[in-house]
There are 2 protein chains.
Amino acid sequence: MSLRMALLGLLSVKGPASGYDLAKKFEISLNHVWQAGHTQIYPELVKMAADGLVDAGSEGARGRKTYTITPEGTRRLHEWMIEHAAVGVTRSEVALQAFMLPLLGRDDAIAVMERIRAGFQRRLAMLEGQSPASFGAYALRLGLAQAQVSLQWADEVLAELRDSAG
Amino acid sequence: MSLRMALLGLLSVKGPASGYDLAKKFEISLNHVWQAGHTQIYPELVKMAADGLVDAGSEGARGRKTYTITPEGTRRLHEWMIEHAAVGVTRSEVALQAFMLPLLGRDDAIAVMERIRAGFQRRLAMLEGQSPASFGAYALRLGLAQAQVSLQWADEVLAELRDSAG
DNA sequence: CGACTCATGTAATTGGTTACATGATTAG
DNA sequence: CTAATCATGTAACCAATTACATGAGTCG
């Protein structure tokens with residue numbers, strides 16, 4: 001359902017788009033929030049058209065199909081936003097490795113934490129490169145705050161590990 | 001693979017356990033990091049036994065089966081920790097709703113944000129109820145830091161929405 | 001004896017990833 | 001002409017959820 005809603009959201013804000021366009025938007029603007037490749041997007045758009053949430057326009061150049069959100073699609077998106085209590089379920093490989101960190105010796109633990117730290121650093125840099133004035137500004141600010149605090153956590157853990165006897 | 005590693009981690013630290021025990025541990029100590037129900041755990045343990053990562057003991061009372069990690073299981077877990085670069089992939093319904101918040105009018109947006117805020121509040125309370133001295137201390141601290149900063153973000157967004165003209 | 005917890009499983013379905021496959025158009 | 005980008009799709013597989021199903025032991 002979330003993929004569906006993400007697609008409706010993009011179509012709602014950015015206007016009519018092809019599956020290809022939407023896949024691009026997932027890569028750039030939505031990347032920190034939700035991910036989907038074209039292999040998931042194309043079939044989903046077909047189902048959404050069958051359900052009357054989008055209109056599939058006629059084929060353009062290179063077989064391009066442009067989808068437009070329908071009033072019913074807009075209605076369903078708003079309904080979902082207002083009624084669906086988003087589940088804050090987290091499945092984080094990083095947190096899992098952090099959980100099990102005490103299984104490793106000091107040096108291995110430091111190496112793992114440095115890799116994790118680098119990941120947070122990369123993520124932060126990616127988010128800082130995004131335009132803060134755009135549509136997804138609230139989500140961007142959340143992502144930035146979380147990335148910053150995670151990086152800080154990694155630094156603290158690294159400092160503790162380095163202070164500990166080897 | 002992550003489920004497998006989480007199971008090996010639990011068996012490694014807490015000693016031999018049944019699928020039932022492991023499902024309980026997922027609910028309590030590991031809940032903020034990874035989730036898995038018994039319907040996923042039982043078949044996975046069978047596969048892990050076939051792959052030599054765990055030993056399935058003989059059946060006890062009420063058909064209880066106690067699994068023990070093997071040396072090969074320990075080896076594979078350490079290997080994964082050290083070599084597998086955890087992907088920081090995030091798929092958050094909350095962030096998705098935040099992303100699309102501008103689609104809603106002021107009052108609906110406030111209602112959605114209040115619900116999101118309550119979710120973070122609950123999560124924070126849950127984490128604060130966990131023993132900070134236990135095995136998963138590092139992951140717990142990360143979870144707490146992220147929950148706190150998320151709650152702060154929600155408060156800021158709510159203040160902005162309330163200040164804005166209705 | 002009835003309710004609860006312990007304990008294990010299967011089947012169907014949904015969601016998501018990886019690999020494979022094809023062809024049109026554009027820029028150099 | 002050829003490499004890159006545009007553009008769409010299918011098939012196989014892996015991961016996860018929901019629903020269904022069963023039975024043993026324990027507490028009141």
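## A base contact from A:His38

In this predicted model, an N or O atom in the side chain of A:His38 lies 3.0 Å from a base oxygen of DNA strand D, which is a polar contact, meaning a pair of N or O atoms within 3.5 Å. A base oxygen of DNA strand D is also 3.1 Å from a polar side-chain atom of B:Thr39, while A:Lys24 places a polar side-chain atom 2.9 Å from a phosphate oxygen of that strand.

## The surface near DNA strand D

DNA strand D is surrounded by 17 residues, and A:Tyr20, A:Lys24, A:Arg62, A:Lys65 and B:Gln40 are the closest; a residue is near a strand if one of its heavy atoms lies within 4 Å of it. Of the strand D atoms within 4 Å of the protein, 67% belong to sugar or phosphate, and the rest to bases.

## The surface near DNA strand C

Around DNA strand C there are 17 residues, of which the closest are B:Tyr20, B:Lys24, B:Tyr42, B:Arg62 and B:Lys65. The side chain of B:Tyr42 has an N or O atom 3.0 Å from a phosphate oxygen of this strand, and a polar side-chain atom of B:Arg64 lies 3.1 Å from a phosphate oxygen of DNA strand C.

## How the model is read

Residues are numbered from 1 along each chain as its sequence is written, and chains are lettered from A and ligands numbered from 1 in the order in which they are written. Local features need pLDDT of at least 70 and side-chain atom pairs count only at pLDDT 80 or more, whereas totals for chains, interfaces and linings use all residues, and side-chain values use heavy atoms, with hydrogens and water left out.

Terms used:
Polar contact = N/O pair within 3.5 Å; in protein donor to acceptor, adjacent residues only side chain to side chain.
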